[in-house]
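Me: I would like a close look at one part of this protein, taken slowly and with its surroundings. Please start from the structure shown here.

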Amino acid sequence: MLEKRKTEKYNPWSLEYSDYDPKKEKSRESLLTIGNGYFGTRGALEETSASDTNYPGTYIAGLYNRLISTVADRDIENEDFVNIPNWLSLNFKIDNGDWLDINKTKIISLNRSLNFANGCLSKTLVVEDNKGRQTKICSSRIASMANPHLAALQYTITPLNYSSRIEIKSEIDGHIINDGVARYRDLNQKHLKVVDQGADEKIAWLLVKTVQSEIEIAQATKHSVLKTEKPINVSANSKAVSGKISFELNVDLAQNEKLTVEKTIAIFTSKKDDVKNPLERCKSEINKANSFKSILEESELAWNKIWDLIDIQIDGDPKSQMLIRLHLYHLMVAASPHNKNIDAGIAARGLHGEAYRGHIFWDELYIMPVYNLFFPEVAKSILNYRYRRIEKAREYAKEYGYNGAMFPWQSGSDGGEETQVVHLNPISGKWGDDYSSLQRHISIAIAYNTWYYFQVTNDVGFMENGGAEMFLEICRFWASKSEKDESTGRYSILKVMGPDEFHEEHKKSPNGGLKDNAYTNIMVAWLFAKAFEILGKLSENSQNEITSKIHLSNEEIENWKIISENLNIPVSDEGIIEQFDGYFELKELDWDAYREKYKNIYRLDRILKAEGKSPDDYKLAKQADTLMTFYNIDEEDVTGIFKNTGKRIPENYLRKNYEYYLNRTSHGSTLSRVVHAYLANLFGNKEEGNKLYFEALQSDFTDIQGGTTAEGIHAGVMGGTVLMAITTFAGVNLKTKYLKINPSLPKNWKSLKFNFWYKNNHYTIDLSHKQLKIEVKSKISKEVEIEFSNKKIILPTNREEILSY
């Protein structure tokens, strides 16, 4: 194993595979996804169709459909991210033989490369049939970053040791279902019906519609054929029958003679943020589309502009360099500069798969800060996705007897609660009730993202036109959820679940959920304090307009301060913050015994339930819960909140809490390692922190959770690891009055280079172990104040400065 690690080589600008492993193929398809923020297409081989090994899928941002399924004698309604007709399909057969089946044929070699720089996925495949005939297939595909409605595929076949007639078939099939997540297969997954199909001498087209949301999805395609790199006239036939369009041709090829087919696709929908006549737009777009080469060149120029803004350069660690760019690339696939005009949040699994039904969770808390730094307009658009649905959040709060805005744990098309009410345990094979909608801390994440965006951008206009209103309505919700105990004068928050997710109920919260989850209560106190700060940064006229619009009185705001100073946050004499009221009374788990028995214990909740036990009875966590507080806000802010509530805590309480909870955490979420890595570095345990960071950095690359990457990438961990390179290793603190930089590079990182926007100035950072080169480009200031290596410095703008440390 050690020798293998020594010989590993990583291309800093591409993800490469040189084999075909059916057990890993679906995970690789997720990691080889191409896209542009409008749509994403999984990296399945063109010759494959949906099976236990392969899963082609294409998803459009914000495109959902709702269906009813009968589960455990109950009608269950679910809204899903729709898998649209597969535009990739292209296959061949030799002399009236069988179509190529990659899972049955002999593979001589297969090399695949995803180029991060231009978003092009390429493959070189050599196969041998049962007659010994070897065929070489070279293909390249792109989702245009220049025109988000275009995709293109180039497919070249070369007979290596024979001459024969080759038949080619290219298809778009409208008879497709959502089938990418095995545990959803008991549910109704047929979301599309065919509306129209057709073909003429130049193009073919297909129009489908979602069966409930009634969104039209149009695709149009055209093909060109080259023989030995020269255009030829061949016997080709375009068909459009029964919801399927196809392009077929027969060509006689001599040994080593090349045949190239270029397939271009246009995609439009009738979503409100798209177009009114998607089929007509598709036809128009496909007719004027240029060659594969031209589309690639235009797309590459658009990608170049993106990389100029987002690239993070690491010298000394090729694997980390490749993985950081892999994560940056996939974030751009999930949401690119195009998304400033798209009404969608960032799905937890990107545009890469069907896990969680494509819903938007709290994962944006890990992702949004990256967009604040690189593409603030996209960040604003994602926040506006929430603001446009604030009425649904108000209705949701009112339904449960609260005021203000209570946002759903899982959000889809309209902002209603999409969390399922039953969930399949894949270990026991049984369906059980799902209580995860009690994770009301999603509203904390949305308010936090709103504050963070304002903190980094100084975008007063956004706060005046929705941002402040959303933040204040979330505060109002939490105030209405806070209950005063007249005997103690303390306020409690009941019927919640924390980020932990394993604990769903405790007797101290009689009506379900938990009482006084520490993460929730501390963050609520922080939100109330920030409400005053946000209002103070707006003009008096804006303050009056916003508070009048939502009928928010000074008395109500003042009450928030009273609640924040009296929230119940239990702490032990040793300074351990109790995860929730009653946590300390729970049983300890024999972690060694469970690791011995099950090896992989990431999802301890499912293991315990399959054994007839309950995770509610044990001190355990899926991921950081109490510790998550310190990921969001600085330790001094947490300390200040405790001080305001009259609690005394020891100076080293962060380390104590870290060690206590780390030993009781299964890391059942990829996000868990990000938080623990951040905190370990924060208090100086760099060895453990960096170990956890590098595990998080390669969690999708190695599919650390044993198959979950197959259902889509984990956008949260990708955003979190990118952000940590900036906030932890470069030591950039964006949460304070002015920028702070306190570097702490890993030993094997010789240097770290990146740039970002902060308060309307553009910063360029070039950091080594001994010095910082920094340039601040500004149109508004001649100088800026920063803190570097714990010293305040005044930097002149628009020139490079060199600082030693």
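Leaving aside its neighbours within four places in sequence, which residues is Tyr371 in contact with? Please go on from there to the packing around it and to the charged pairs.

Reply: The model is a predicted one, so what follows describes computed geometry. Once neighbours within four places in sequence are set aside, Tyr371 is in contact with Leu331, Met332, Ala335, Ile346, Pro376, Val378 and Ala379. Tyr371 also belongs to the largest nonpolar core, which has 222 residues, and it is listed with Trp87, Trp362, Trp478, Phe756 and Ile774 as the members that touch the most others. Helix α11, spanning residues 518–536, supplies the largest share of this core, with twelve residues. Apart from it there is a second, separate core of 19 residues, among them Ile203, Ala289, Phe292 and Ile295.

The cysteines deserve a word as well, since the structure holds zero disulfides. For Cys120, the nearest cysteine sulfur belongs to Cys138 and is 12 Å away, whereas a disulfide would need the two sulfur atoms within 2.5 Å, so Cys120 is in no disulfide. Cys120 is nevertheless buried, at 6% relative accessibility, and Cys282 is likewise buried, with a relative accessible area of 0%.

Turning to charged side chains, the count of salt bridges comes to 52. One of them joins Asp581 and Lys508, with 3.1 Å from N to O. Because Asp581 sits in the loop between α13 (554–564) and α14 (591–598), while Lys508 sits in the loop between β24 (490–493) and α11, this pair ties together parts that are 73 residues apart in sequence. Asp581 is buried, its relative accessible area being 12%, but Lys508 is partly exposed at 32%.

A pairing within one helix is found at Lys691 and Glu695, whose closest N and O atoms are 2.8 Å apart; both residues lie in helix α20 (residues 686–697), four residues apart, which is about one turn of the helix. Glu801 and Arg799 form another salt bridge, and here the closest N and O atoms are 2.6 Å apart. In that pair Glu801 counts as buried, at 18% relative accessibility, while Arg799 is partly exposed, with a relative accessible area of 48%. Finally, salt bridges also link residues into a network, made up of Glu391, Arg394, Glu469, Glu473, Arg476, Lys549 and Glu556.

Definitions and conventions:
Residues numbered from 1 in each chain as written. Predicted model: local features only at pLDDT ≥ 70, side-chain atom pairs only at ≥ 80, totals over all residues. Heavy atoms only, no water. Buried < 20%, exposed > 50% of the residue type's maximum accessible area, 1.4 Å probe, protein only. Core = buried A, V, L, I, M, F, W, Y, C linked by side-chain atoms within 4.5 Å. Helix = DSSP H or I, 4+ residues; strand = E, 2+ residues; numbered from the N terminus. Contact = heavy atoms within 4.5 Å. Salt bridge = Lys/Arg side-chain N within 4 Å of Asp/Glu carboxyl O.
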